[in-house]
Amino acid sequence: MPTEGHTGRKIIYDEDGKPCRSCNTLLDFKFATGRITSRAALPERAGRESRTIPAQELIPGSKSYAKVEPPDVVELGNSSWNLLHSITATYPSKPSEQKKAEMKQFLTIFSHIYPCSWCARDFEKFIEQNAPKVDSREDLGRWMCEAHNAVNEKLGKEKFDCNFWAKRWKDGWDEN
Ligand SMILES: Cc1cc2nc3c(=O)[nH]c(=O)nc-3n(C[C@H](O)[C@H](O)[C@H](O)COP(=O)(O)OP(=O)(O)OC[C@H]3O[C@@H](n4cnc5c(N)ncnc54)[C@H](O)[C@@H]3O)c2cc1C
């Protein structure tokens, strides 16, 4: 059982001792499960939606659905931030008390059920120590940006300038 994957990350195992798919990158998961020994063996991810899918890669009986793998920690994270920031972007500027309560509840529940268990534990802690700011869209947008930056920092990534959260997730970059 390897302790470190191709990416240099620690391999995370489930309680039952199997490599955890949603806690590891696809590359490390495949490495840990002995499916690949080199990066060259990885399937292409980019552009898979636009190319014609060879018949043997399609789900039996389907004309259009490829046998896509379940999401790894990176794909899951990316999709989840897309969802979280997008929810934030459509949160009211002046939310009702009910909306505020729902958002707090949602974030608490989200942190309990996030599929990457070790990511979820840290997100739970972040929420405990930094109560979600739900009084307005701007407050929530900045809070979400800071929550995302806490993960960026943990992963050694550049912090995002939260002054741009609304452009990135709500308004876009056109000046007009
Ligand atoms: C709640 C949660 C906890 C996570 N915890 C972990 C963890 O413990 N370990 C782990 O390996 N992965 C974790 N992830 C996944 C991780 O944060 C990334 O999503 C993943 O590594 C993919 O990164 P990425 O480079 O595609 O960009 P992402 O971090 O997914 O970001 C997507 C896009 O969001 C924008 N962005 C970046 N930072 C911010 C910000 N602060 N505010 C607004 N927009 C921003 C940028 O345009 C970026 O391209 C977690 C994800 C979530 C949702």
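Me: What makes the crossing of H2 and H5 left-handed or right-handed?
Reply: A crossing counts as left-handed if the near helix is turned anticlockwise from the far one by less than a right angle, and as right-handed if the turn is clockwise. H2 and H5 cross in the left-handed sense. This is a predicted model, in which local features need pLDDT of at least 70, side-chain atom pairs count only at pLDDT 80 or more, and totals for chains, interfaces and linings use all residues. Residues are numbered from 1 along each chain as its sequence is written.

Me: Why are H2 and H5 called roughly parallel or roughly antiparallel?
Reply: Their axes come within 9 Å and cross at roughly 160 degrees. Axes are lines fitted to C-alpha atoms, for helices over the stretch in contact, with angles from 0 to 180 degrees between N-to-C directions. Angles under 35 degrees are roughly parallel, over 145 roughly antiparallel, 65 to 115 roughly perpendicular, and the rest oblique. H2 and H5 are therefore roughly antiparallel.

Me: Which residues make the contact of H2 with H5?
Reply: Trp-81, Leu-84, His-85 and Thr-88 of H2 meet Leu-140, Gly-141, Met-144 and His-148 of H5 (C-beta atoms, placed from the backbone, within 7 Å). They divide into four nonpolar, four polar and no charged. Here Ala, Val, Leu, Ile, Met, Phe, Trp, Tyr, Cys and Pro count as nonpolar, Asp, Glu, Lys and Arg as charged, and the others, Gly among them, as polar.

Me: What makes H3 and H4 roughly parallel or antiparallel?
Reply: The axes of H3 (residues 97-113) and H4 come within 7 Å and cross at roughly 150 degrees. That makes H3 roughly antiparallel to H4. Leu-107, Thr-108, Ser-111 and His-112 of H3 make the contact with Ala-120, Phe-123, Glu-124 and Ile-127 of H4. This set holds four nonpolar, three polar and one charged.

Me: How many helices and strands does the chain have, and what counts as one?
Reply: Six helices and zero strands. Helices (H or I, at least four residues) and strands (E, at least two) are DSSP runs, numbered from the N terminus.

Me: How many residues surround the ligand, and which helix gives the most?
Reply: 21 residues surround the ligand, the closest being Gly-77, Cys-119, Cys-145, His-148 and Phe-160. A residue is near a molecule or strand if its C-beta atom, placed from the backbone, lies within 6 Å of it. H2 gives the most, with seven residues. The shell divides into eleven nonpolar, seven polar and three charged.

Note on methods
Contact = placed C-beta atoms within 7 Å.
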